[in-house]
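I opened this notebook to record what I looked up about the cysteines and their links. The entries follow the order of my queries.

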Amino acid sequence: MAAEREIHTPLLLHNSSSEIQRDVEQHEITPSVLAHQVENHASSTPLLSSSPPKNQRLVSLDVFRGLTIALMILVDDAGGAFPSINHSPWFGVTIADFVVPAFLFIVGISVGLVFKKVPSKSGATKKVVIRTIKLFLLGIFLQGGFFHGRGNLTYGVDVGKIRWLGVLQRISIGYLLASISEIWLVNNVMVDSTLTLLRRYYFQWMATVLLCILYTSLLYGIYVPSWMYDFQGMNSTLSTSSVQVQCGVRGSLDPPCNSAGFIDRLLLGVNHLYQHPVYRRVQECSENSPDYGSLPPNAPAWCLSPFDPEGILRCSSLTAAVTCFVGLHFGHIIAHFKDHMQRMIMWSISAIPLLVLGYVILALGMPLSKPLYTISYMCVTAGASGFIFTFFFYLVDVKHITKPVMLLQWMGMNAFLIYALAACEILPILLQGFYWGSPANNLVDGTESFLQNVLNSNSWGTLTFVILEILFWGLFAGLLHRKSIYIKL
């Protein structure tokens, strides 16, 4: 990971009807979730233009990436104060549940631009595998338990309990599958219409369908037996006790007995799963649902059991990678069609059926669930991502209205750095290491407490603190942009 200096100019020229011919020769995908730095080298200039080829950049993708980073900070840091913007406890969606699919969608667009032309398939594959490994290992370092989060000035993790999977790992695997398919599963067909676009990427669509079929078969077809986990009371001096969860079912999508959790427990082990799953906020497990709270008197045994929302069935990209493939399709439209209106029409035609299909599948009985990354959830969030990207494309790349979204653009250009420092709380953890009197008296908590006292509200004080935090990261990213510093993996 290094800071690199680059020259960035808009990807699209001011004449929205001019055709831009470009061969994508170099493209960096910064895993922040992820993402990439879209660097396209123009292989030729527009007709009647005497200007030399330039490095060009898709501004709308930066803005969309910056929005996802800002939303991640908002829901992670203010979701506790406002449960309505926090992740849905199990079924259903909130604004927070659109963040990770948006990252995956953006990665897919990036891959579609990176591998428009592949001089060496073996060489490109090697680079993709190396980048995937680096991103996966970084995810383990940031999210595997080594850092203990705000309010805990310790670090380190028991390797017997390290969390192997997480957000970055999910994105790395989605990136790997999308990239490999773009390198190896493309027909040698010249694209000049929608039909030839489908013919060129026919095998990718077949792979997408097979992933959905495989996911559905595993989700509904695997028998889930009863299982046990070890639970230690809040008082660390208490001995560990074993708790049995009664299952013995097939096709259940509820928290304790779904096949996704069974696969994780079988292949990863209970100790390596996320220990604070969102279903602790469901009504059966929290007296303060949909927020965290005390266990109800007759809470079921599975309420305190571990579950990883980025587990194997979801993280292995059976459905998460499909979101990358949807973004890949949007990237193909950018690469092969030059008219802005045609692009936006094709994107809208792609997004509308996804949304409709998602709600049809919901009506047929498969609920929206981010922890399970159900196909209905995938379709709805991918379709919404398509519409949001289309809106930003029209706003900033066609109409060139950039000032209202300048902060988001800057954040998107250094998304990886902000993700690591803010979303993974590396900077707040470091700042909390400097305190006066007691660890609770530090700059981060002190500022938040001050705003809560000024506004006479814990919730609104926290929200104000988080908004100021997002503004800080936007201005910090703007400073890095001014210095032409961009952090990549």
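The entries below concern the disulfides and the cysteines around them.

Entry one. I noted at the outset that this is a predicted model. I then searched the whole structure for disulfides, and the search returned 2.

Entry two. I looked up the link of Cys247 and Cys257, whose sulfur atoms lie 2.1 Å apart. I recorded -85° about its S-S bond, a left-handed link. The pair joins distant parts of the chain, 10 residues apart: Cys247 sits in the loop between β6 (241–245) and β7 (249–250), and Cys257 in the loop between β7 and α7 (259–267).

Entry three. I checked whether these two cysteines are buried or exposed. Cys247 has a relative accessible area of 14%, and because buried means under 20%, Cys247 is buried. Cys257 is buried as well, at 7% relative accessibility.

Entry four. I turned to Cys285 and Cys303, which form a disulfide with sulfur atoms 1.9 Å apart. The torsion about their S-S bond is about -80°, so I entered this disulfide as left-handed. Cys285 and Cys303 are each in the loop between α7 and α8 (312–315), 18 residues apart. I found both Cys285 and Cys303 buried.

Entry five. I numbered the bonded cysteines in sequence order and read the pairing as 1-2, 3-4. Cys379 is in no disulfide; the nearest cysteine sulfur belongs to Cys212 and is 6.8 Å away. Because a disulfide requires sulfur atoms within 2.5 Å, I left Cys379 unpaired. Cys379 is buried, with a relative accessible area of 2%.

Entry six. I last looked up Cys424, which counts as buried at 10% relative accessibility.

Definitions and conventions: Residues numbered from 1 in each chain as written. Predicted model: local features only at pLDDT ≥ 70, side-chain atom pairs only at ≥ 80, totals over all residues. Heavy atoms only, no water. Helix = DSSP H or I, 4+ residues; strand = E, 2+ residues; numbered from the N terminus. Buried < 20%, exposed > 50% of the residue type's maximum accessible area, 1.4 Å probe, protein only.
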